[in-house]
Amino acid sequence: MSPLGIAVFTGQVRSWVTACMSAWLLLMLLSVTVRADDAGSGPTVFELPTAERIHVDEFSRHIDLLEDPEGKLSLDQVVRAGFAPGSLAAANVGFTSSVWWARVTFRNLGTREREVFVRQTYPLIDYLDVYEQTGADEWRIHKTGDRRPFEARDIAHRDFVFPIHVPPQAERVVYLRYQSQGPIDISLALFSSPELLESLSREQLAYGIYYGCVIMLLVWSSLVFIAVRDRAFLAYFAYVGTFGLYMLIHNGLAYQYLWPDSPRWGNTSLVALINIALFAGLQFSRMILRAKEVTPRLDLAARGLQAVAALLLLAAPFVPYSTIIAPVAGLVLIGVIFMLVMGVAAMVLGSRPARFYVIAWSSFLCGSVIFLLKTFGVLPHTFFTQNGWQIGSLLEMILLSMTLSTRMNELQHQSRTDPLTLLGNRRMFDDRLPQEFAFARQEQKPLSLLVLDIDHFKGYNDRHGHARGDHAIKAVAHALRKFARKPLVACRYGGEEFTVILPGIDCQTAAAMSERLRRTVEETLNGDLAITISVGYACLARGDFENAEKFFEAADSALYRAKQQGRNCVVAYHDRMEQAQEPPAQRDARAATS
């Protein structure tokens, strides 16, 4: 399938997914809607266990729910209203303009007062008011939310934690009022004091691991960028940094530690940073996949998505959160799917970094879809659905770093590859020849070296132009690639001169291979464009060479002898051969006339 076909198919899939999510969202909202004038049943009562230690993660199944569509009900009206029994699915309301009330009734059959902690584990609630009954018509009121200063919280924590006291042999009713421009997720957990401390300790460890990994990836990518100056590493740094900061906001940690007195900025930054992260992620994808050259149409579409993200970023300070959050969430989902499509298209077209890239974005997509379905109220609030995005993003960032490792290997390969012929360059030759020479001497293995160049190449260039000259060089390189299979190493030494390192090849075989190569090149081009080569070669068995440099000089002197003998021939070096110590002036003249 062509890249354009993949993009069209993905667009159809996105439309189908959007329609299904909308239908599910409507169904879930209809199924959980409870009007203030509905006939209510008796309250759901949670009886405190006799054990001292209490830990109930899914406490939302023990509550009653009431929807206030106008948001105008007073506490007295709510107390007299009819609630409906809650459930995990009903408590995950999703996006709504209504105010929602949750009622929690505790019963303590013990002989002493119990203190428990109710924790709202989804921290992105604009206004959360808690009314704790302390007497017949007496209430203790807690007013908090991420639209209020952090100091308004009973306990300084990223989530909302409320201490509740239940007298002995009595019941206590607690009402929680939820109002938010974003999704409402009534996700409650119940703890006694020791269990709350243990839970917080485990969370701190988990977040420490997550953000520790993020910091390590940031340090690694910045150091590599300084070393190699490849902008793909800078784009990766920007993506990991902005998305890591976004997750700090999403988890409530940024509000707790970075801007506790700036609730407005806390909500605006949530939208701003996810758009910046998406922009950086698309830029990284375009660079690492070389989309402009490999998939130009998808690259153009990626630039369009970047433009949309930039527009939403500029609109974030001025558009209400309730208006902008839905299109931002949709853009993120589309962007992740699109980047996955880009990776698949690049992988089909042979991009090596695309393999890890596709796996990375697949894991992120799974985590994103799970979290978004939870946000829209389709999936219940659980540890996995709440942290799916975080888990998927960490896997994705680690796998993308492996993609960059592949990129580093490519850069290293490019630094040792001649761009015109795709053979090894002078740097590769200078590295490999001493290695092969030392190994052959130590292990008593055969080693041969060929040095060759194109005959009368300057005149060929003058007659036919540099484009034809490059074509001739490529023709020789093509013959060498067919001729020099691994472990042989063929390199363009410079200009029209080439070398071939032949590990494990003796002199007799080297002579036959050299002659076959000469005939192949002679038959490659025809007519006035025909070219020939001269070849000189040396073998360890035919000389006592002090080092790899002397070994190369021997093969090069054999090439010089081939030039003297009329070109288009093969000459071997041996220890009885007169050392052709070519003066620099003669070597320059040979280079000018070859």
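A salt bridge is a side-chain nitrogen of Lys or Arg within 4 Å of a carboxyl oxygen of Asp or Glu. With that term in hand, the legends below describe close-up views of a predicted model.

**Figure 1. A network of salt bridges links Arg-119, Arg-158, Asp-159 and Glu-203.**
Within this network, the side chains of Arg-119 and Asp-159 form a salt bridge, with a nitrogen-to-oxygen distance of 2.7 Å. The pair links distant parts of the chain, since Arg-119 belongs to strand β7 (residues 114-120) while Asp-159 sits in the loop between β9 (139-144) and β10 (160-166), and the two are 40 residues apart. Are these two partners buried or exposed? Arg-119 counts as buried because its relative accessibility is 2%, and Asp-159 likewise counts as buried because its relative accessibility is 0%, the limit for that word being under 20% relative accessible area. As a general point, side chains of opposite charge can pair when their charged atoms come close.

**Figure 2. Phe-117 is found in strand β7 and has contacts beyond its sequence neighbours.**
Phe-117 has a relative accessibility of 9% and therefore counts as buried. When its neighbours within four places in sequence are left aside, the residues in contact with Phe-117 include Ile-155, Val-161, Phe-162 and Pro-163, and also Ala-189, Leu-190, Phe-191 and Leu-196. Two serines, Ser-192 and Ser-193, are among the residues in contact with Phe-117 as well. The view can also be used to locate His-55, which is 62 residues from Phe-117 along the chain, with 9.6 Å between the C-alpha atoms of the two residues.

**Figure 3. A salt bridge joins Lys-458 and Asp-462 in helix α14.**
The side chains of Lys-458 and Asp-462 meet with a nitrogen-to-oxygen distance of 3.4 Å. Why are these two residues separated by about one helical turn? The reason is that Lys-458 and Asp-462 are four residues apart in helix α14, which covers residues 457-464. Lys-458 is partly exposed, with a relative accessible area of 45%, whereas Asp-462, with a relative accessible area of 58%, is exposed; the word exposed is used here for values over 50%.

**Figure 4. Glu-553 and Lys-550 form a salt bridge in helix α17.**
In this pair the distance from nitrogen to oxygen is 3.9 Å. Glu-553 and Lys-550 are separated by about one helical turn because they are three residues apart in helix α17, which runs over residues 548-564. Glu-553 has a relative accessible area of 35% and is therefore partly exposed, and Lys-550, at 38% relative accessibility, also counts as partly exposed. A search of the whole structure finds 25 salt bridges, for readers who wish to place this pair in a wider setting.

**Figure 5. Ile-215, Val-219, Leu-223 and Ile-226 form a nonpolar patch on the surface.**
Together, these four residues have about 390 Å² of accessible area. Leu-223, one of the members of the patch, lies in helix α4, which covers residues 193-228. Because its relative accessibility is 54%, Leu-223 counts as exposed. For the chain as a whole, the exposed area is about 27200 Å², and carbon and sulfur atoms supply 58% of that area.

**Figure 6. The second largest cavity is lined by 14 residues.**
Three cavities of 30 Å³ or more are counted in the model, and the second largest of them has a volume of about 120 Å³. Which residues of the lining lie nearest the centre of this cavity? They are Leu-124, Asp-146, Ile-249, Tyr-255 and Gly-266. Helix α7 (residues 263-288) provides the largest share of the lining, namely four residues.

**Figure 7. Ser-97 is found in the loop between β5 (92-95) and β6 (99-108).**
Ser-97 counts as exposed because its relative accessibility is 74%. The C-alpha atoms of Ser-97 and Ser-322 are separated by 8.6 Å, although the two residues are 225 residues apart along the chain. For the chain as a whole, if contacts between residues at least 6 apart in sequence are considered, 74% of them join residues at least 24 apart. The chain that holds this loop has 18 helices and 18 strands, and buried residues make up 53% of its 594 residues.

Conventions: Residues are numbered from 1 along each chain as its sequence is written. This is a predicted model: local features need pLDDT of at least 70, side-chain atom pairs count only at pLDDT 80 or more; totals for chains, interfaces and linings use all residues. Side-chain values use heavy atoms; hydrogens and water are left out. Buried means under 20% relative accessible area, exposed over 50%, partly exposed in between (1.4 Å probe, protein chains only). Contact means heavy atoms within 4.5 Å. Accessible areas come from the Shrake-Rupley method with a 1.4 Å probe; for residues, only the protein chains shown count as cover. Patches are made of residues with over 30% relative accessible area and no salt bridge: like charges are joined within 9 Å, nonpolar side chains (Val, Leu, Ile, Met, Phe, Trp, Tyr) within 5 Å. On a 1 Å grid over the protein atoms alone, a cavity is a set of points where a 1.4 Å probe fits but cannot get out, and a pocket is an open set with protein on both sides within 12 Å along at least five of seven lines; lining residues have an atom within 4 Å of a point. Grid points are joined across faces, edges and corners, and a volume is the space filled by probe spheres set on the points.
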